[in-house]
Amino acid sequence: MLSTEQINNLLEVEESYQASFKLAEILNDRDKCIKLFDSFLRLEQDLSFDWFTDYFQEEHSNRKDKKQDFTPKGVTDLASKLLGKSESNADICAGTGGLTIKRWTQNRHAQFYCEEYSDRAMPFLLFNLMIRNVNGIVVHGDALTQEHKHVYKLVSGDRFSELEELDSLPKFIADTVIMNPPYSLPWDPQKEMLTGLFAEIGVLPPKAKADYAFLIRGLEQLSDSGTQSLILPHGVLFRGNAEGKIRQWLIEHNYLDAVIGLPEKVFLNTDIPTTILMLKKNRDRRDVLFIDASKQFRKDKAHNIIEAEHISKILQTYQERTEMDKFSKLVTFETIKDNDFNLNIPRYVDTFEPEPVKPLDDVLADMRELDRAIKMSGQELATMMTELRGTNERADQEIKRMTSYWVDKYGINKQRSQSKRGEQLSLL
């Protein structure tokens, strides 16, 4: 993994905020571009992962306003392997290209489509694809409004992709769609957006959360026999109103293939647990596979890491659609319907672990210890009350009656009382 210092040195910038601008400038000069690619490859030759994930997340991402959470390696590997190999792939909200790179490792000759809104991320995305000699289309624009600033075409060369800018956006339908959109992003839905699948559904996602807008956007770009892998927050499984209607429509039209719950704390800048939704067109079955993978991780300091063994277990369960106690369950359409199309995983996968029953002798010992502690506390309180005096005769009588009650119930702390008398004698 290249360090921040190494990346800045290669780009010849002093501060990381300058990197995007410098990289955009270099990509427009073919000679400088090739020279930079060769410099990077001398330091890092493993092209199977995004070198910029941590660098961009720490130095350039906007978690507060744009909800940017770049996909960690374990989640990237899992989301891609669940899709399998394909001849064409679309990555909506591509970031710097981590998910597309994983798809590329499964088929380097496939056609790729990437869409990204961030001005800062775009140069890194183009760099990542060009250095890997990718064929495809890269759109610098808004996936929700379909407005775009630039459209780029990448054509494989001898070693690196050639870059050219297009005047219009070509239609691209993909065998697989992979997506990790910004979670619960506020957006501005307009009536004129009620086209395509949204026209069939009859509602748009709420202003506060664009999660389902991204999902439908990806579904519209999917081929008739395609598969979509989508990483989203758990709220999409159970939130109601417009989101509930969209969720119901997806299930009734048999698009939902699997719901996979991931562990919390697997992302760099957010602790929220996430889920992978697997969507398919023209499914030949009506059940939905639920997998609770929330415990499939290795704890590492502040974060949880999904490793190869966890990915293997989840992948095998998904591919074979097997049921496993406290891990996976095949659920019928009728059962989901009876649950008002709520997809909250604990409704279907019971992971409850009963606490072991303690031996009665241990319970009795605990009770005796509790009684002893109560008696000691009562004696301590009674002893302290014997030392109290009222500010007047009436108050003094009330304190004596209360003290008498506690002394009769618990007695007094003889050790403290003797110590107190010893102090009084020494004063005399």
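This tour visits the aromatic pairs, one helix and the cysteines of a predicted model.

Residues are numbered from 1 along each chain as its sequence is written, and side-chain values use heavy atoms, with hydrogens and water left out. Local features need pLDDT of at least 70 and side-chain atom pairs count only at pLDDT 80 or more, while totals for chains, interfaces and linings use all residues.

**Aromatic residues**

Begin with the rings of Phe, Tyr and Trp (its six-membered ring), which pair if their centres lie within 6.5 Å; planes under 30 degrees apart count as stacked, over 60 as edge-to-face and the rest as tilted. The whole structure contains 14 aromatic pairs. Select F40 and F52: their ring centres are 5.9 Å apart and their planes stand at 65 degrees, so this pair is edge-to-face. F40 belongs to helix α3 (residues 30-43) and F52 to the loop between α3 and α4 (53-59), so the pair ties together parts 12 residues apart in sequence; helices (H or I, at least four residues) and strands (E, at least two) are DSSP runs, numbered from the N terminus. F40 is buried at a relative accessible area of 0%, and F52 is buried at 1% (buried means under 20% relative accessible area, exposed over 50%, partly exposed in between, with a 1.4 Å probe and protein chains only).

Extend the selection to F37, F40, W51, F52, Y55, F124, F127 and F160, which form one aromatic cluster. Add R132, which lies over the face of W51 at 5.1 Å from the ring centre; a charge sits over a ring if NZ of Lys or CZ of Arg is within 6 Å of the ring centre and within 35 degrees of the ring normal. K149 lies over the face of Y117, at 5.5 Å from the ring centre.

**Helix α11**

Next, select residues 241-252, helix α11, whose end C-alpha atoms are 17 Å apart, in agreement with the 16 Å expected for 12 residues (1.5 Å times one less than the number of residues). Its buried residues are A242, E243, G244, I246, R247, W249, L250 and I251. They pack against α9 (196-201), α10 (211-220), β8 (256-261) and α13 (333-338), where contact means heavy atoms within 4.5 Å. Just after α11, N254 has a positive phi of about 65 degrees.

**Cysteines**

Finish with the cysteines: the structure holds 0 disulfides, a disulfide being a pair of cysteine sulfur atoms within 2.5 Å. The sulfur of C33 lies 16 Å from the closest cysteine sulfur, that of C114, which is too far for a bond. C93 is likewise in no disulfide, with the sulfur of C114 nearest at 11 Å. C33 is buried at 1% relative accessibility, and C93 is buried at 18%.
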